[in-house]
Amino acid sequence: MSTKKVSEVEDPEQYLLYPETRKSAKVLPTKINRVEKLKWKRNIPCKGCEKSFNFKDIKHTTLTEKEAITEARRCLKCSDAPCIKGCPTSIDIKAFIQNISTRNFYGAAKTILSDNPVGLSCGMVCPVSNLCQGNCNLTNEEPINISGLQDFALQAFRKMQIPQIRDPKIDFENLPKSYSTKIACLGCGPSSISTATYLARLGYKDITVFEKNSYPGGISSSEIPSFRLPFEAVKWEVSLMEDLGVKVQYNTELGKNGFTVQKLKEDGYDAVFVGIGLPEPQTIPAFDGLTEENGFYSSKTFLPIVSMASKTKMVENIPKLPQLGRHTLVLGAGDTSVDCALSAFRCGSKRVSLCFRKSTDDMKAVDDELQSAREEGVELQSYITLKNINLENGKIVSCTFYRCDKDEEGNYYTDKTQEVTLKCDSVISAFGSKLEKKELQNSLLPLQFNERRKAQINHDTLQSNDAKWIFVGGDLAGGKMTVEAANDGKTAAWSMHCYIQQQNGNEEIAKQKPELPKFYTEVDLVDLSTTVCGIKFENPYGLASAPCCTSSALIRRSFEAGWGYAVPKTFTLDKDIVNNVSPRISSEHDHNYGTNQSGFLNIELISDKSGHYWLKAIQELKEDFPEKVIIASIAAPCIKEDWELLAKKCEEAGSDGLELNLSCPHGMKDRGMGTALGVNPKLVTQVCKWVKGACNIPVFAKLTPNISDIRVIAEAAVEGGADGVTTTNTLLSMINVESNGTSWPSVGKKEHKTTYGGLSGNYIKPLALRMISQIKKKFPDLPILGLGGIESAEHTMKFLNAGSNVVQVGSAIMNSDYTIVDDMITGLQCLLYMKSRPDLREWEYQTPRLKNYLPKEQIYKKSTPLFGEFLSEKNEKEQKKLSREKIAKESFELIKAPKQDRKVPSIKDMVGIANEKVSTWSGLSHKTSDHVVALIADEEECINCGKCYMTCPYDAIDFDEKTHIPLVNENCSGCGICQSVCPVVDCISFVTREIPYIVKHGLPEEIQLKQIEKYNQGEREEDRKGVEGKL
């Protein structure tokens, strides 16, 4: 007999790094700490001089999926959101952030691209601190990372490879002849891409973009480095434009081979948009005669070479990166000068200095750009202005500067009595751009320019003052940012549309409010309509009988927003009308203040409005919205005449159906209504019979979750003739107790009393899904209106799969507003569409599943962490692999999407499909040979937090003391806790067990092995059948 204690720790080393409660203060000398902390450092500074030939993304705003969703859920989705007012293209920012918070990345992309066809470029390069983000209302914490969210959403959508189509509501085949007008756009930069896209969306069929280079994108491609904006991002935006039939003609330059604006007019182009940018650099006399041979570059010569050398598949003949020497001076203080400075490091310079005449506070460069410059070690040389550049043997050796200063009025001046000389090997000027060449100006005639060499135009319409058929945008119109160029294209598209239509006799167009078509794809063709009990629902989304349906005006607002149906707040006969207490609604915020509350508790009763009000409201709403569905919610005591009278009046008012409130868990029970009836099967049957006998419209019994077996009540409703059921109402709960012992909501000035109320929202979703599944399994053909915590398209799909035919929403509206239905509709359309594509079917909703490429023999092999000396070694190894010929860069290959190989499923096709996989516990496989084990991804995914190690109840994860690498051992039983608590998406997955598993029953080993053998051979099958029979 073993004397070993059962409670003894088998392997003490297993718990070496397990958290312990401290019994005393820890003493560690600073000398030791200084060494120790470096071993675990993750934010190891990597200066620009260590980034030679490395053009990978450096944006601070770049987000992973988890980071994006977390960030999106911080957003308040403000009313009259100031962030939208800060966006030049007026993107509905709060809407696309709402989409991201629910993992509807398609909806987010649709929202962004509807208002900005170059939204991906803008998400990567926009100076948001001066635009949308600078207006964020979160003043007491970090503003929302809007550009990062925009970038993430469009990158996620880009991976879906769904082409753009025109607005499906417009009959493009039968548009007037004016839509065949020939239109030219000069330059394939942001403004022209935007203009051409919107004109094509309007229905214009003959649009050509002329580009001087062999590649598209304009300055976005040629002058913005790939570590900020990869070429593939621009190319993808152009491909979306081309989806609409826009043609791009490359290697066609103004002023060359007779190509001019006037020639376009002669060739039949009735409208021309000029978006060519400013092609020449600003210069000063000190630059005269200097060339690249001397070591001198302008931003207009330097950045294109860098871009062509570092951007994937931008040009066929790839040049080598410039050789700048050890120390490079960049002249200028704007964003372009910072791009030049960071690029200089990547071209091999070990020191880079930014030289400018103003103070660092007055630099034009935005904070986001300057942050990168400071982190990489760019030296800021302020208050100096160039005097001359010094050469020896034809090579730059130094620059001499005058000192500058600022007077009391804030004006800068040059002090020529003070000079400073800086040694250097190369100089890059980034003083801005201009259009000076007469040949180019002549090729733009009859377009005229002012003394500042900007086009003479009407800035409201961007139409030329001298030639009404010419429109201008971007740099030539005075724009300074990519996003402003995009907005110029938007404005010009509408102006060109009005001009063309007026030229063709449509004078009324000028009186119309400017409206441009949104972004559409095949996803928007997905039909969400469904029929339940003979009622046609345009989509499965309805308002639950809740505070969101307190008045007819609110329901009207919801229908205008796109909701398919509504269940007004429950009403009764006037003799039973109620007055509600105050306050009566609270949230279980758990220190999460603001939006995204997981649940609400209410002690509100039914509607305090009369039956007369609601009957009139139903009649008016059906007259104004005949295609919408209204299901009246009624309640009464157990009195036959009351139920019959309510049912008849609702039918007469035009209600499409009735929902019988047999489930209100508080207050109404005291009046003999709600759960006073709903927990009694006989009374449920009786009430359903009364109502069905009194009307000819579908009847749905609203069931209570406050019962042990929902199927008993559902069966009672079916016996009473109910056409369907609504599941589930709120769960009787107590949500909050204050530190002084009072609860909330607290009612009464002196009493401060409360009562148990109904809990709704995300908290009750698992309960609702279980009840819907149970009912559907028992009554496969019974229609179910599902509700209980639905906040997104993903939730909707879960409810449909469990057995709901349509769904109702309440708490999510209380968390946000009625426009969330657009998020739900586009999200559900996308999820259904994805099931028709072979490449998208295996995604987890709108997220591609990460594949674990570790071969089986590598599953239990240790990897290397990414911190301290391990990270330094990894960075050094990667850097040594790079050279002027071998550059590290971002690569996003544009892959042509496969065609749909299946029909897009309908809402009806999704109903109840999960239930065939739902079994009793005894019906599950008990074979240990079917067990799985956890597989933890390699260092690229695992962040070494040790959550899996700390929470594993089976001592199945080892945690290395030096590397903090978690390693699954033979004790793993595949329970799933580690995956549940892991903070990294897809970092832990489950694979088939390759080694025998011994269940530790605490019995002698030989007995345990015999029991396992019985299970594996199926000898316990009769036992399982016996248990299932009893259940």
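This is a short tutorial chat about reading local features in a predicted model.

Me: Let's start with the hydrophobic interior. Which residues touch the most other members of the largest nonpolar core?

Reply: The general idea first: in soluble globular proteins, nonpolar side chains tend to be buried together. Here the largest nonpolar core has 189 residues, and F96, W563, W643, L658 and L660 touch the most other members. Helix α26, residues 820-834, gives the most to this core, with 10 residues. There is also a second, separate core of 34 residues, with I58, Y297, C340 and A365 among them.

Me: Say I click on F96. What is F96 in contact with, leaving aside its neighbours within four places in sequence?

Reply: You'd find I91, A108, T111, I112, I146, L149 and Q150 in contact with F96.

Me: W643 was on that list too. Which helix pair has W643 in its contact?

Reply: That takes us to helix packing. Helix α19 (residues 640-653) packs with helix α21 (residues 681-694) at an angle of about 40 degrees, and their axes are 8 Å apart. On the α19 side the contact is made by K640, W643, E644, A647, K648 and E651, while α21 brings V687, W690, V691 and A694.

Me: Why are α19 and α21 called oblique to each other?

Reply: Angles under 35 degrees count as roughly parallel, and roughly perpendicular runs from 65 to 115. At about 40 degrees, the two helices are therefore oblique to each other. As for handedness, α19 passes α21 in a right-handed crossing. By class, the contact has six nonpolar, no polar and four charged residues.

Me: Next, backbone oddities. Which peptide bonds are cis?

Reply: As background, most residues other than glycine have a negative phi, and most peptide bonds are trans. In this model, S582 and P583 are joined by a cis peptide bond with omega at about -5 degrees. P583 sits in the loop between β24 (565-566) and β25 (585-587). The bond from T727 to T728 is cis as well, with omega near 5 degrees. T728 lies in the loop between β30 (724-727) and β31 (731-733).

Me: And phi? Where are S90 and Q161, which have a positive phi?

Reply: S90 is not a glycine, yet its phi is positive, about 60 degrees. You can spot S90 in the loop between α3 and α4. Q161 isn't a glycine either, and has a positive phi of about 50 degrees. Look for Q161 in the loop between α7 (146-158) and β2 (164-165).

Me: Are those two buried or exposed?

Reply: Buried means under 20% relative accessible area. Q161 has 19% relative accessibility, so Q161 counts as buried. S90, at 42%, counts as partly exposed.

Me: T89 is in that α3 to α4 loop too. What does T89 touch?

Reply: T89 is in the loop between α3 (82-85) and α4 (93-101). With 1% relative accessibility, T89 counts as buried. Apart from neighbours within four places in sequence, T89 is in contact with D115, N116, V483, A486, N487 and K490.

Me: One more. How do I read L240 in helix α10?

Reply: Start with its place: L240 belongs to helix α10, residues 231-243. L240 is buried, with a relative accessible area of 4%. Then compare sequence and space: L240 and V118 are 122 residues apart along the chain, and their C-alpha atoms are separated by 9.6 Å. Not counting residues up to four places away in sequence, L240 touches L113, I162, Q164 and F519.

Notes:
Residues are numbered from 1 along each chain as its sequence is written. This is a predicted model: local features need pLDDT of at least 70, side-chain atom pairs count only at pLDDT 80 or more; totals for chains, interfaces and linings use all residues. Side-chain values use heavy atoms; hydrogens and water are left out. Axes are lines fitted to C-alpha atoms, for helices over the stretch in contact, and angles run from 0 to 180 degrees between N-to-C directions. Helices (H or I, at least four residues) and strands (E, at least two) are DSSP runs, numbered from the N terminus. Angles under 35 degrees count as roughly parallel, over 145 as roughly antiparallel, 65 to 115 as roughly perpendicular and the rest as oblique. A crossing is left-handed if the near helix is turned anticlockwise from the far one by less than a right angle, and right-handed if clockwise. Contact means heavy atoms within 4.5 Å. Ala, Val, Leu, Ile, Met, Phe, Trp, Tyr, Cys and Pro count as nonpolar, Asp, Glu, Lys and Arg as charged, and the others, Gly among them, as polar. A nonpolar core is a set of buried Ala, Val, Leu, Ile, Met, Phe, Trp, Tyr and Cys residues joined through side-chain atoms within 4.5 Å. Buried means under 20% relative accessible area, exposed over 50%, partly exposed in between (1.4 Å probe, protein chains only).
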